[in-house]
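User: I'm new to this one and would like to learn how to read it step by step. Could you walk me through it?

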Amino acid sequence: FVWLVPFLLSIAVPASHLFAESKGQKKKHARAVTPRREQSLTNIPLPIGHEAKGLVLPDFDGEGHLRGKFEAGTARRIDQQHIGFQHLKITTFTPESQPDLQIDLQTSVLDLKTRILSSQERTTIQRADFNLAGDSVQFDTNTRTGRLIGNVKMVITDRSHLTGKTNE
């Protein structure tokens, strides 16, 4: 028994040191894993010339509320300031986080500096009360405003949202 006590103490002291060290490491690790900046339209992690398939990018406002979601079939970094998208579907959200608009673009380019998305191909915009299409589009992701150009067609599917009155 006399030789067992020093042996157990020799194991317990280094083990307590290891536990204390692991707690300290956990604290350091917890600080190091602070919430990092979310992936968004301003920090797309795609090197120049590389392509990503199935890229989904959230778009947050300054207060952290989700403004939109970009879902691209493929995305390619053209240069430092431009990202090209194929088969892009954008969903915008209301301030209450409800889906608002759905924008479908075949081929488009996002200017990361101005945050303007443009396409020279037919684009459709849908909302619960209308469908809108045009030959080309420029969409400002900051202000959430856009401009359709050429052969623009709008179909209103529910007038009550536009007039505030119900159909009788």
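What follows is a short tour, from the whole chain down to single residues.

User: Before we start, what kind of model is this?

Analyst: This is a predicted model. Keep that in mind throughout.

User: Okay. How many helices and strands does the protein chain have, and in what pattern?

Analyst: The protein chain has two helices and ten strands. Going along the sequence, the pattern reads α-β-β-β-β-β-β-β-β-β-β-α.

User: How much of the protein chain is buried?

Analyst: Of its 168 residues, 29% are buried. As for the surface, the protein chain exposes about 11500 Å², and 57% of that comes from carbon and sulfur atoms.

User: And what do the contacts say about residues at least 24 apart in sequence?

Analyst: Take the contacts between residues at least 6 apart in sequence: 35% of these join residues at least 24 apart.

User: Let's zoom in on strands. How do strand 8 and strand 9 run?

Analyst: A general idea helps here: in a regular strand, side chains alternate between the two faces of the sheet. Now the case itself. Strand 8 (residues 136-140) and strand 9 (residues 145-149) run antiparallel, joined by five bridges. Within this pair, phenylalanine 139 stands opposite glycine 146 of strand 9.

User: What is there between strand 8 and strand 9?

Analyst: Four residues lie between the strands of this hairpin, and arginine 144 takes a positive phi near 60 degrees.

User: Where else is there a residue with a positive phi that is not a glycine?

Analyst: Histidine 87 is one of them, with a positive phi of about 55 degrees; histidine 87 sits in strand 3. Serine 97 is another, at about 65 degrees. Serine 97 belongs to the loop between strand 3 and strand 4, and it counts as partly exposed because its relative accessible area is 46%.

User: Now for burial. Is serine 108 buried or exposed, and why?

Analyst: The cut-off to know is that buried means under 20% relative accessible area. Serine 108 has 2% relative accessibility, so it counts as buried. You'll find serine 108 in strand 4 (residues 99-111). Setting aside residues up to four places away in sequence, serine 108 touches Ile83, Gly84, Phe85, Leu88, Leu117, Ser118 and Ser119.

User: And alanine 52, buried or exposed?

Analyst: Alanine 52 counts as buried too, because its relative accessibility is 17%. Alanine 52 is part of strand 1 (residues 51-60). Apart from neighbours within four places in sequence, its contacts are Leu46, Gly73, Thr74 and Ala75. Look at threonine 74 in particular: it is 22 residues from alanine 52 in sequence, yet their C-alpha atoms are 5.5 Å apart in space.

User: What about glutamate 71, and why is it described as partly exposed?

Analyst: Glutamate 71 has a relative accessible area of 26%, which is why it is called partly exposed. Glutamate 71 lies in strand 2. Beyond residues up to four places away in sequence, it touches Leu55, Val56, His87, Leu88, Lys89 and Thr91. His87 in that list is the residue with the positive phi of about 55 degrees. As for leucine 55, it is 16 residues from glutamate 71 in sequence and 5.9 Å away in space, C-alpha to C-alpha.

User: Can we take one more residue? Where is valine 155?

Analyst: Valine 155 is in strand 10 (residues 153-156). Its relative accessible area is 38%, so valine 155 is partly exposed. Not counting residues up to four places away in sequence, valine 155 touches Asp129, Phe130 and Asn131.

User: Last topic: empty space. How many cavities of 30 Å³ or more are there?

Analyst: The general idea first: rolling a probe the size of a water molecule over the atoms shows where empty space is left. A search of the whole structure finds one cavity of 30 Å³ or more. The largest cavity has a volume of about 50 Å³.

User: Which residues line the largest cavity?

Analyst: The lining consists of Asp59, Arg67, Gly68, Phe70, Ile90, Thr92, Phe139, Thr141 and Arg144. By type, the lining divides into three nonpolar, three polar and three charged residues. Strand 2 (66-79) and strand 3 (82-93) each supply at least two of the lining residues, and strand 2 gives the most, with three. Two names from the hairpin turn up again here: Phe139 and Arg144 are among the lining residues.

How values were computed: Residues numbered from 1 in each chain as written. Predicted model: local features only at pLDDT ≥ 70, side-chain atom pairs only at ≥ 80, totals over all residues. Heavy atoms only, no water. Buried < 20%, exposed > 50% of the residue type's maximum accessible area, 1.4 Å probe, protein only. Contact = heavy atoms within 4.5 Å. Areas by Shrake-Rupley, 256 points an atom, 1.4 Å probe, with all protein chains shown as cover. Pairing = 2+ DSSP bridges. 1 Å grid on protein atoms, 1.4 Å probe; cavity = no way out; pocket = protein on both sides within 12 Å on 5 of 7 lines; lining within 4 Å. Points joined across faces, edges and corners; volume = space filled by probe spheres on them. Nonpolar A, V, L, I, M, F, W, Y, C, P; charged D, E, K, R; others polar.
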